[in-house]
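I set out to look up how one aromatic residue sits in its surroundings, and then turned to a few other features. My entries follow in the order in which I made them.

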Amino acid sequence: MTDAAPEAEGETAATTSTVPASFTLQAAPNPGWAPGQKQHNPFGHDRMLTFDPAALTSCYPLMISAVVPRPIALVSSVSAEGVGNLAPFSYSTVISHDPPCVLFSVCRKPNGDKKDTWVNVQATGEFVVCIMSEWFINAANHTCGNFLEAEDEFDVSGLTRVASLKVKPPRVAESAFHMECKLRHHYDITNAAGDVTATAVIGEVVMFHVHEEVADLEFGEGKPKIDMARYQPVSRLGGNIYGRTDTGFELPRPDRPAGGR
């Protein structure tokens, strides 16, 4: 179930050559702003509602609707017995580039059991993070269902396995960006009762894979980046809402010229 087919040159699960450019740079807001000027909210007052987390029935709706947009880590893992698992996590981000490290947090099941992804990563020390784009969002979203431990989400979603180079878990062929990772650290998060409710997982990236159609080599092969116009990444907002990344604006740092690095 988890044996990935070897990656063949020119072989893709989707025809990306038909993906249109869909990212537009717009003018930055407040072009007349000068350092030191106050920037007020548009509401006309500063009244805030206050919520003590200990007094709330659940912090979940507030956290996921306020801390947005969140990148989504589509994590591929394999159990010690060789059963594959694929699941998306929106409690995720990059945390360093030297060495390149990523973090995702795995909440416990309602009964307190560990989810399959963390069981697998804890047992093997390996996983792959793939980034979700619009052209395969339906299949990727399907992997977040409550499937049996013996079921591989690659199979139930129709997504395509492709072999990794340095780790055992396969990559998602439909994704344009993959990170093969080795477990570096993990940290259990406990609630007021002392129960573990989530585990923060930190992995070091040991291999990147970038689809040719989204690779931007403006700074040379030693400093690649991503062409946002063709990448079409999706993010997580509140509830069942996903976010598109189709517009942006440049706002250089005071100590850095336009164009970034």
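I took helices (H or I, at least four residues) and strands (E, at least two) as DSSP runs, numbered from the N terminus. The model is predicted: local features need pLDDT of at least 70, side-chain atom pairs count only at pLDDT 80 or more, and totals for chains, interfaces and linings use all residues. Residues are numbered from 1 along each chain as its sequence is written, and side-chain values use heavy atoms, with hydrogens and water left out.

**Entry 1: Phe-104.** I located Phe-104 in strand β6, residues 100-107. Its relative accessible area is 1%, so I recorded Phe-104 as buried (buried is under 20% relative accessible area, exposed over 50%, partly exposed in between; 1.4 Å probe, protein chains only). Leaving aside residues up to four places away in sequence, I found that Phe-104 touches ten listed residues, among them Ala-73, Val-75, Tyr-91, Thr-117 and Val-201 (contact means heavy atoms within 4.5 Å).

**Entry 2: aromatic pairs.** I noted three aromatic pairs in the structure. Rings of Phe, Tyr and Trp (its six-membered ring) pair if their centres lie within 6.5 Å; planes under 30 degrees apart count as stacked, over 60 as edge-to-face and the rest as tilted. The ring centres of Phe-104 and Phe-127 are 5.2 Å apart and the planes stand at 75°, so I entered this pair as edge-to-face. Because Phe-104 lies in β6 and Phe-127 in strand β7, the pair ties together parts 23 residues apart in sequence. Phe-127 is buried, at 0% relative accessible area. I entered Phe-177 and Phe-208 as a stacked pair, with 5.9 Å from centre to centre and 15° between the planes. Phe-177 belongs to strand β10 and Phe-208 to strand β11, so this pair ties together parts 31 residues apart in sequence. Phe-177 is buried at 15%, whereas Phe-208 is partly exposed at 43%. Ring pairs also link Phe-89, Phe-104 and Phe-127 into a cluster.

**Entry 3: helix α2.** In α2 (residues 116-124) I listed Asp-116, Thr-117, Trp-118, Asn-120 and Val-121 as buried. The buried residues of α2 pack against several strands, including β3 (73-78), β6 and β7 (126-131). Just after α2, Gly-125 has a positive phi of about 75°.

**Entry 4: a sheet.** I found three strands in an open antiparallel sheet, in the order β2-β14-β15 (strands pair if DSSP finds at least two bridges between them). Its edge strands, β2 (70-71) and β15 (242-244), each pair on one side only. Two bridges join β2 to β14 (residues 234-236), and Pro-71 stands opposite Ser-235.
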